[in-house]
Amino acid sequence: QVQLVESGGGLVQPGGSLRLSCAASGSIFSIYVMGWYRQAPGKERELVAGIISGGSANYADSVKGRFTISRDYAKNTVLLQMNSLKLEDTAVYYCNAKIDVGSNRYDDYWGQGTQVTVSS
């Protein structure tokens, strides 16, 4: 049983900052990638940022230069530092991880989602 627990969402004004955190727990053998997706009302879920076990990260064009993803490998945690937030960053943010629980393959696991609202 694997769980991803997110925290850090909330309401912020344009130009403000938030930090999201996601911790994976349970019967984890290894984690290949951890990342964040978001889904705004009426839109499809999209990748925001991801970071693989080697440390390489990728970002959606819309957040490059404003968001930073990092990972604590010892704690199976991924952080998303969001700066210079814009109205269009408003969405439910979901943590995602590709985890091997000892089955010799990586399966997708999702957090419950955390709301980020950017509003003046």
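User: How many aromatic pairs are there here, by this rule?

Analyst: The count comes to two aromatic pairs. Keep in mind as we go that this is a predicted model.

User: What makes the pair of Tyr32 and Tyr106 tilted?

Analyst: Let's set the values against the cut-offs. The ring centres of Tyr32 and Tyr106 are 5.7 Å apart, and rings pair if their centres lie within 6.5 Å, so these two count as a pair. Their planes stand at 45 degrees. Under 30 degrees would be stacked and over 60 would be edge-to-face, so this pair is called tilted. The two tyrosines come from distant parts of the chain, 74 residues apart: Tyr32 is in strand 4 (residues 30-39), and Tyr106 is in the loop between strand 9 (91-100) and strand 10.

User: Why is Tyr32 called partly exposed?

Analyst: Its relative accessible area is 38%. Buried means under 20% and exposed means over 50%, so Tyr32 falls in between and is partly exposed. Tyr106 gets that label at 43% relative accessibility.

User: And what kind of aromatic pair do Tyr37 and Trp110 form?

Analyst: Tyr37 and Trp110 form an edge-to-face pair, with 65 degrees between the planes and 5.0 Å from centre to centre. The cut-off for edge-to-face is over 60 degrees, so the 65 degrees of this pair earns the name. This pair also links distant parts of the chain: Tyr37 sits in strand 4 and Trp110 in strand 10, 73 residues apart. As for accessibility, Tyr37 is partly exposed at 22%, and Trp110 is partly exposed at 37%.

User: How do you know that Arg45 lies over the face of Trp110?

Analyst: Arg45 is 4.7 Å from the ring centre of Trp110. The rule asks for CZ of Arg within 6 Å of the ring centre and within 35 degrees of the ring normal, and Arg45 is listed as lying over the face of that ring. Arg45 also lies over the face of Tyr94, at 3.8 Å from the ring centre.

User: Why is Arg66 called buried?

Analyst: Arg66 has a relative accessible area of 10%. Buried means under 20%, so the label fits Arg66. You will find Arg66 in the loop between strand 6 (57-59) and strand 7.

User: What makes the link between the side chains of Arg66 and Asp89 a polar contact?

Analyst: The distance is 2.7 Å. A polar contact needs a pair of N or O atoms within 3.5 Å, where one can donate a hydrogen and the other can accept it; the Arg66 and Asp89 side chains are given as such a contact. The side chain of Arg66 also reaches the backbone oxygen of Ser62, at 2.8 Å. Beyond its neighbours within four places in sequence, Arg66 is in contact with several residues, including Gln81, Met82 and Asn83.

User: Is Gln112 buried or exposed?

Analyst: Gln112 is exposed, because its relative accessible area is 52% and the cut-off for exposed is over 50%. Gln112 belongs to the loop between strand 10 (107-110) and strand 11 (114-118). Setting aside neighbours within four places in sequence, Gln112 touches Leu4, Val5, Glu6 and Tyr94. From Gln112 to Arg66 the C-alpha separation is 24 Å, with their positions 46 residues apart along the chain.

User: Why is Leu79 partly exposed?

Analyst: At 23% relative accessible area, Leu79 is not under the 20% for buried, nor over the 50% for exposed, so it is partly exposed. Leu79 is part of strand 8 (residues 77-82), and its contacts beyond four places in sequence include Trp36 and Ile69.

User: What makes strand 1 and strand 7 edge strands?

Analyst: Each of them, strand 1 (2-7) and strand 7 (67-72), pairs on one side only. They belong to an open, antiparallel sheet of four strands in the order 1-3-8-7.

User: How do you know that strand 3 and strand 8 pair?

Analyst: Six bridges join strand 3 (residues 18-26) to strand 8. Pairing needs at least two bridges, so these antiparallel strands qualify. Within this pairing, Ala23 stands opposite Thr77 in strand 8.

Methods:
Residues numbered from 1 in each chain as written. Predicted model: local features only at pLDDT ≥ 70, side-chain atom pairs only at ≥ 80, totals over all residues. Heavy atoms only, no water. Buried < 20%, exposed > 50% of the residue type's maximum accessible area, 1.4 Å probe, protein only. Contact = heavy atoms within 4.5 Å. Phe/Tyr/Trp six-rings, centres within 6.5 Å; stacked < 30°, edge-to-face > 60°.
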